[in-house]
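Hi,

Here is the structure I said I would pass on. Have a look at it first, and then read my notes below.

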Amino acid sequence: MSKAEFEQQAVLVCYNWEQEQEERLEAALEKYQGVKVTPEKREAAAAKVVLPPMERAITELMELDPPTAERQEIQNIIRTMEEAVDKLQADPSLVSGGNPLVEVRNRFKNYGLTQCII
């Protein structure tokens, strides 16, 4: 697969990731509208918005076949995504501060997949 073909497929994965995340966010906002929510509950809800779509994106990116020259860099991006998921699962408060998604965004940006900056 060429780099352009890979990027096209990766952008679709990112688009689906973003769409699912937005749908989950809208559902969570509706659920908690007008309800007083503790910071802990808010952080746990935010993690539920972020994590499942991101886990699906990881799986879909792993199924793609990047060009040989790009394979290591893509594996590093996926590894960074997996680490972010692990950190957010262990400590949902990171959604509010110290968010590990910043590193994921930076890796996508450095690779040139600016459409994947969630």
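Before anything else, a cut-off you will need: I call a residue buried when its relative accessible area is under 20%, exposed when that area is over 50%, and partly exposed in between. By that rule Asp65, at 40% relative accessibility, counts as partly exposed. Please also keep in mind that this is a predicted model.

Now the overall picture. The protein has 4 helices and 0 strands, so along the sequence the pattern reads α-α-α-α. Its C-alpha atoms fill a box of roughly 50 × 25 × 20 Å along the principal axes. Of the 118 residues, 35% are buried.

On to the disulfide. The structure holds 1 of them, and it joins Cys14 to Cys116 with an S to S distance of 1.9 Å. The link between Cys14 and Cys116 is right-handed, with 100° about the S-S bond. Cys14 lies in helix 1 and Cys116 in the segment after helix 4 (101-111), so the pair ties together parts that are 102 residues apart in sequence. Are these two cysteines buried or exposed? Cys14 is buried, with a relative accessible area of 0%, and Cys116 is buried too, at 1%.

Then the salt bridges, where the count comes to 6. Here are three that I looked at in detail.

- Lys3 and Glu70: the closest N and O atoms are 3.8 Å apart. This pair links distant parts of the chain, with Lys3 in helix 1 and Glu70 in the loop between helix 2 (39-63) and helix 3 (71-90), 67 residues apart. Lys3 is partly exposed at 35% relative accessible area, whereas Glu70 counts as buried because its relative accessibility is 14%, which is under the 20% cut-off.
- Arg56 and Glu20: the closest N and O atoms are 2.3 Å apart. Arg56 sits in helix 2 and Glu20 in helix 1, so the salt bridge ties together parts that are 36 residues apart in sequence. Arg56 is partly exposed at 39% relative accessibility, while Glu20, at 18%, counts as buried.
- Asp65 and Arg71: the closest N and O atoms are 2.8 Å apart. You have already met Asp65 as a partly exposed residue at 40%, and Arg71 is partly exposed as well, with 29% relative accessibility. While we are on salt bridges, those that share partners join Lys3, Glu7 and Glu70 into one network.

Last, the surface charge. Which residues gather in a patch of negative charge on the surface? They are Glu18, Glu22, Glu23, Glu26 and Glu30. Glu18 is found in helix 1 (residues 3-32), and at 31% relative accessibility it counts as partly exposed.

If you want a place to start in the viewer, try helix 1. Cys14 of the disulfide lies there, and so does Lys3 of the pair with Glu70. Glu20, the partner of Arg56, is in helix 1 too, as is Glu18 from the negative patch.

Cheers

Definitions and conventions:
Residues numbered from 1 in each chain as written. Predicted model: local features only at pLDDT ≥ 70, side-chain atom pairs only at ≥ 80, totals over all residues. Heavy atoms only, no water. Patch = residues over 30% accessible without salt bridge, like charges linked within 9 Å, V, L, I, M, F, W, Y side chains within 5 Å. Areas by Shrake-Rupley, 256 points an atom, 1.4 Å probe, with all protein chains shown as cover. Salt bridge = Lys/Arg side-chain N within 4 Å of Asp/Glu carboxyl O. Lys, Arg positive; Asp, Glu negative; His and termini not counted. Charge placed at Lys NZ, Arg CZ, Asp CG, Glu CD. Helix = DSSP H or I, 4+ residues; strand = E, 2+ residues; numbered from the N terminus. Buried < 20%, exposed > 50% of the residue type's maximum accessible area, 1.4 Å probe, protein only. Disulfide = S-S within 2.5 Å.
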